[in-house]
Amino acid sequence: MKRIALLVFVLIGWTTFAQNANDTLPKAEISKTMQSVTINGRTIFLTAEAGTFEVRDENNAPIALMGHTYYTKEEGKRATGSQRRPIVFAYNGGPGSSSFWLHMGVLGPKRIVVNDPVATPAAPYRIMNNNYSILDVADLVMIDPVGTGLSVPVGKAKFKDFWGVDQDIRSLSLFITQFLIAHDRMNSPKYLLGESYGTFRNAGVMNKLLDQGIAMNGVIMVSAVFDLRTLLFPPNDDLPYIVHFPTYAATAWYHDRVEDKPGDVYGYLDEIRSFTENEYTPALFKGDRLGESEKQGIASKLAAYTGTLEAFWLNADLRVTASEFFAELLRDKGELVGRLDARFTGINQDLLAQEGSHDPQSTAISPAYITGFLDYLHRTLKVNKNLTYTITAGRREGFKWDWAHEGNNRWGTQAAINTGIDMAEALSRDPNMKVLVLNGIYDLATVFYGVEHSINHLGLTKEIKDNISMKYYEAGHMMYTHEPSLVKFKNDVSEFIKATSE
């Protein structure tokens, strides 16, 4: 009897200890408010839940509080049941960026209005009804990955457990799965929408979720990148120079640097694609075997197409990085062009500089977006003002991204990380899944020709490749700052959701 009593005492003590340990974990916190949005003259009433959601690991242990905002359409929920209404999970990129850009730029019920394509003055900023929100066709979950927004690790987890390609894919997949279950949305039409690195993430998450038996109806890629080689300029790799060139040419066209400028930018880009594939690429492939006369001929065409000097291209050995182009194009005017959106220009303080000193687009709009969102988060969504919203994980001590990626085992070790392989596997395994890719032709951060190259090299069958649709906008990385592109964004995404959710 004494042994039984002792065992009971130990069990009670351990249970109490476990409960007390669990009680020390920070708890998820949600602010629930009623909101509305008017789209095309029709007012939609919404429930908004903003705050954190507890995410558990595969052994059911809490590992994170994930910050998010969840919008549901009250009228539609009562009339047809939330299971029938599409749900979109959306995030920005970075890696290490919170989701307020998409939230306040295009998707949510309110949007920040900026003076595109020039600098927006200081507060008060215009925060207005978003007539271009997708909330008329779908419910929306804006997600902040761990380290951004309100998202933090809990329990035994550390920030480093979430800061990496595969770590990020895992945690977002856990969140989406558990969120769907917790909110009775598992049988709803489901979508991912990511911007920039968020598209790189999308390609992995869509495959990870499919592995777990959760198929997406559709995946929306905004300003996409799948193969990191298309962003970087490593030694002895011609690909990034090749895929950036059409955007250089588009930028020159926009800023009237092209002699006898054609009237249609898309027709101009078709000419540029042809030159890039049939002349520029073979010339670079020859390396130092390229003859001087042929090299000069290519340099002359590169200069003409981009409104720059032939000597600039010869001095660069026909290979100009994006940052070098930022500084060069408008050097004679004392200006540099934007990285995220080359329509924006800024003051070049060092006219001898080889590279651009800053991104004029980022400095032009960031204060409006950051200030406007924080005001909306705390004043309208009523999120606890004692909770600090982290704009970027880069502000946290020790932030470092792990770029290793398991990838597709059939391909072995990847020299350069490419989640396009994950996307190809998911699309080939699920022939009903659709992908929509939205490209800004003046985006020098994730260039459209790089996306085209990546998709053309996935080895997809024609039937599966036809499930990927490409749309183009006369704007940059955040094409929604440009109102005509904002209208097109709304229409393209809404039609995609409608077509794939029935």
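Hi everyone. Let me begin with a definition: a helix axis here is a line fitted to C-alpha atoms, over the stretch in contact, and the angle is taken between N-to-C directions. We'll need that for two helix pairs, and please keep in mind that this is a predicted model.

So, the first pair on my list. Helix H4, residues 165-182, packs with helix H5, residues 197-211, at an angle of about 60 degrees, and their axes are 9 Å apart. The crossing of H4 and H5 is right-handed. Who makes the contact? On the H4 side you'll find Val165, Asp168, Ile169, Arg170, Leu172, Ser173, Ile176 and Thr177. From H5 come Tyr197, Phe200, Arg201, Gly204, Val205, Lys208 and Leu209. By class, the contact of H4 with H5 holds 8 nonpolar, 3 polar and 4 charged residues.

Now the other pair. Helix H6, residues 239-254, and helix H8, residues 292-306, have axes that come within 7 Å and cross at roughly 45 degrees, which makes H6 oblique to H8. In H6, Phe245, Tyr248, Ala249 and Ala252 meet Leu302, Tyr305 and Thr306 of H8. No charged residue takes part in the contact of H6 with H8, which has 6 nonpolar and 1 polar.

While we're at H6, have a look at what follows. Asp260 is in the loop between H6 and helix H7, residues 265-285. Its phi is near 50 degrees, a positive value in a residue other than glycine.

There's another loop I'd like to show you, the one between strand S5, 110-113, and strand S6, 126-129, where Pro117 is found. Pro124 is found in the loop between S5 and S6 as well. What kind of peptide bond joins Asp116 and Pro117? A cis one, with omega about 0 degrees. The bond from Ala123 to Pro124 is also cis, and there omega is near 10 degrees.

On to empty space. The largest pocket has a volume of about 760 Å³. It is lined by 35 residues, and the closest to its centre are Gly94, Ser196, Arg339, Leu340 and His477. Two elements give two or more residues to that lining, namely helix H10, 322-328, and H11. H11 gives the most, with 5 residues. In terms of class, the pocket lining has 18 nonpolar, 14 polar and 3 charged residues.

How many cavities of 30 Å³ or more are there? The count comes to 2. The largest cavity holds about 70 Å³ of space. Of its 13 lining residues, His68, Thr69, Asp144, Leu377 and Tyr389 are the closest to the centre. Strands S2 (42-56), S3 (62-73) and S7 (139-144), together with helix H11 (360-380), each supply at least two residues of this lining. The largest share, 3 residues, comes from S3. Nonpolar and polar residues number 6 and 6 in this lining, with 1 charged.

The second largest cavity has about 40 Å³ of space. Its lining includes Gly93, Gly96, Ser97, Pro145, Val146, Thr148, Trp163, Ala393 and Trp401. Two more lining residues take us back to the opening pair: Asp168 and Arg201 line this cavity, and Asp168 of H4 and Arg201 of H5 are also in the helix contact. The lining divides into 5 nonpolar, 4 polar and 2 charged residues.

That's my tour. Thanks for listening!

Note on methods
Residues numbered from 1 in each chain as written. Predicted model: local features only at pLDDT ≥ 70, side-chain atom pairs only at ≥ 80, totals over all residues. Heavy atoms only, no water. Axes fitted to C-alpha atoms, helices over the stretch in contact; angles between N-to-C directions. Helix = DSSP H or I, 4+ residues; strand = E, 2+ residues; numbered from the N terminus. Parallel < 35°, antiparallel > 145°, perpendicular 65-115°, else oblique. Contact = heavy atoms within 4.5 Å. Nonpolar A, V, L, I, M, F, W, Y, C, P; charged D, E, K, R; others polar. 1 Å grid on protein atoms, 1.4 Å probe; cavity = no way out; pocket = protein on both sides within 12 Å on 5 of 7 lines; lining within 4 Å. Points joined across faces, edges and corners; volume = space filled by probe spheres on them. Left-handed = near helix turned anticlockwise from the far one by under 90°.
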